[in-house]
Amino acid sequence: MKLVFNFAIPLMFGNLFQQFYSMVDTIIVGRFLGTNALAAVGSTGSINFLILGFCLGTCAGFAIPVAQCFGSKDIKDLKRFVGNIIWLAGGFTVVFTIATVVLCRPILQWMATPEDIIHHPYRYIVVIFLGIPTIVFYNVQAGLLRALGDSRTPVVFLVIASLLNIVLDLVLILVIPMGVAGAAWATVISQGISGLACLAFIWKKFPLLHVSRDDLVPRKRYMKRLLSMGVPMGLQSSITAVGSILLQTSVNGLGSVVVAAASKLYQLFGCVFDALGVAMSTYGGQNIGARRGDRIFYGLRAGMVIGSVYSLLAFCAIFFFGRPMVQLFVESSETVIIDQAYQFMLIQVSFFIPLAAVNVIRLLIQGMGYSKLAVFAGVFEMIARGTFGLFLVPAFGFNMACFASPAAWILADCFLIPAYLKVMKHVKQYGY
């Protein structure tokens with residue numbers, strides 16, 4: 001419990017700060033650029049999740065072999081994995097940046113984004129996509145530091161970047177009137193600076209991550225292993241996002257601003273589970289590397305206790321303070337939007353314990369090396385959200401949109417719990 005909690009706490013603060021400066025974007029956009037701009041930025045959430053989720057998942061997957069090598073004290077392989085990560089990260093960064101920038105507008109049109117506001121989401125999301133290199137740059141390095149047991153340092157740089165982001169938001173929206181694009185540029189610049197800070201820290205404090213010319217030689221065995229970990233984790237995020245896009249498309253059809261505000265609150269409260277999942281991934285990877293499979297269950301139990309306690313605290317916070325929180329994004333006179341956003345959030349937090357199970361179990365078995373199983377969990381989430389988005393939301397309206405994600409979490413758990421039992425049987429069979 002102590003190990004998991006102490007490792008997860010910095011990650012939680014880091015994710016909270018990431019969401020904090022994302023939320024500041026939304027607050028400033030909503031307050032100073034109006035509800036149309038707010039709805040426009042909110043409508044990019046799912047496509048943002050689809051593309052950046054793949055990037056972040058892949059970066060996290062690349063760190064798993066490094067964590068396993070660190071657990072087994074295999075320094076030679078660790079350095080060679082780092083060298084090959086540099087090649088792979090650089091390659092898919094170039095491909096994804098070009099492809100997403102070119103296809104940005106057609107994707108927004110396919111998602112039924114209203115034509116009268118499509119210029120707002122386009123100007124915002126195309127800048128975010130141009131900033132993919134800075135996002136990968138930071139997250140690869142942060143993943144490597146976490147793989148070696150340092151979850152605190154990346155957070156320090158992220159806090160600094162968050163504060164810088166707030167200043168840049170105000171400058172690029174209020175002083176230099178760049179509109180929603182200003183909020184996006186503030187995020188990209190801040191992320192790039194946090195990446196540079198990570199690089200300087202690794203260069204000075206982590207010689208274990210320094211690579212030689214020989215380590216930088218592309219090797220098929222290492223690249224294959226990295227791709228077998230990174231691609232499934234990226235796909236898992238993207239497959240989940242496909243369901244979210246189908247759901248977002250139906251919400252766009254309703255013409256609602258509600259989810260734009262409520263989803264920001266959900267991201268703020270839900271990012272704790274993302275941090276807990278990353279902690280479980282590192283925990284699983286290091287213990288499998290050290291051949292301590294007997295400790296896996298205790299880590300799982302600790303993660304679920306932490307996640308369940310937080311779920312109850314989050315429910316209390318939303319139940320008592322949800323409406324004032326929504327008013328951070330919209331004027332108090334928008335009573336219908338506030339009531340619906342409160343309803344949306346209250347239903348989400350009521351199912352946070354199943355969400356905790358999704359993140360704890362899925363990331364734990366990913367860290368242990370069974371990343372393909374996590375892809376299937378993402379498929380179950382996609383099926384649930386897609387069913388709600390294609391059929392139930394058009395038929396029954398906003399109320400069904402509130403239950404789409406809880407249904408996805410429960411369906412994923414129905415797959416993940418048996419998958420975990422199968423993995424543990426396999427681990428015991430091979431003497432880990």
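The lining of the second largest pocket is a mixed bag: five of its residues are nonpolar, six are polar and three are charged. Keep in mind that you are looking at a predicted model. This pocket has a volume of about 310 Å³. It is lined by 14 residues, and if you want to find its centre, look for Leu3, Val4, Phe7, Tyr283 and Gln286, which lie closest to it. Two helices, α1 (2-32) and α10 (258-289), each give at least two residues to this lining.

Now turn to the largest pocket, with a volume of about 450 Å³. Its lining is made of 18 residues, and Ile86, Phe137, Val140, Gln141 and Leu199 sit nearest the centre. What classes of residue make up the lining of the largest pocket? There are 14 nonpolar residues and four polar ones, with no charged residues. Helices α4 (75-110), α6 (132-147) and α8 (180-205) each contribute at least two residues to the lining here.

From the pockets, let's move out to the surface. Phe32, Leu33, Val167, Leu170, Val171, Leu174, Val175 and Ile176 make a nonpolar surface patch of about 670 Å². Which helix gives the largest share of the patch? That is α7 (residues 153-175), with five residues. Val171 is one of the patch residues and lies in helix α7. Its relative accessible area is 31%, so it counts as partly exposed; a patch residue needs over 30%.

Next, have a look at two spots in the loops. Most residues other than glycine have a negative phi. Lys73 is not a glycine, yet it has a positive phi of about 60 degrees. You'll find Lys73 in the loop between α3 (45-72) and α4, where it is exposed, at 68% relative accessibility. Arg291 is also not a glycine and has a positive phi, of about 55 degrees. It is in the loop between α10 and α11 (296-326), and with a relative accessible area of 45% it is partly exposed.

Finally, there are the salt bridges. How many does the structure hold? The count is seven. One of them brings together the side chains of Asp77 and Arg221, at 3.7 Å from N to O. This pair links distant parts of the chain, since Asp77 is in helix α4 and Arg221 is in helix α9 (residues 220-254), 144 residues apart. Is each partner buried or exposed? Asp77 is buried, because its relative accessible area is 15%, whereas Arg221 is exposed, at 55%.

Helix α4 comes up again in the salt bridge between Arg80 and Asp214, where N and O are 3.3 Å apart. Here Arg80 is in helix α4 and Asp214 is in the loop between α8 and α9, with 134 residues separating these distant parts of the chain. Arg80 is buried, at 15% relative accessibility, while Asp214 is partly exposed, at 38%.

Further along the chain, Arg362 and Glu381 form a salt bridge whose closest N and O atoms are 2.7 Å apart. Arg362 belongs to helix α13 (residues 352-367) and Glu381 to helix α14 (residues 371-396), so this pair ties together parts 19 residues apart in sequence. Both Arg362 and Glu381 are buried. Some salt bridges also share partners: Arg80, Asp214 and Arg219 are joined into one network in this way.

Terms used: Residues are numbered from 1 along each chain as its sequence is written. This is a predicted model: local features need pLDDT of at least 70, side-chain atom pairs count only at pLDDT 80 or more; totals for chains, interfaces and linings use all residues. Side-chain values use heavy atoms; hydrogens and water are left out. On a 1 Å grid over the protein atoms alone, a cavity is a set of points where a 1.4 Å probe fits but cannot get out, and a pocket is an open set with protein on both sides within 12 Å along at least five of seven lines; lining residues have an atom within 4 Å of a point. Grid points are joined across faces, edges and corners, and a volume is the space filled by probe spheres set on the points. Helices (H or I, at least four residues) and strands (E, at least two) are DSSP runs, numbered from the N terminus. Ala, Val, Leu, Ile, Met, Phe, Trp, Tyr, Cys and Pro count as nonpolar, Asp, Glu, Lys and Arg as charged, and the others, Gly among them, as polar. Patches are made of residues with over 30% relative accessible area and no salt bridge: like charges are joined within 9 Å, nonpolar side chains (Val, Leu, Ile, Met, Phe, Trp, Tyr) within 5 Å. Accessible areas come from the Shrake-Rupley method with a 1.4 Å probe; for residues, only the protein chains shown count as cover. A salt bridge is a side-chain nitrogen of Lys or Arg within 4 Å of a carboxyl oxygen of Asp or Glu. Buried means under 20% relative accessible area, exposed over 50%, partly exposed in between (1.4 Å probe, protein chains only).
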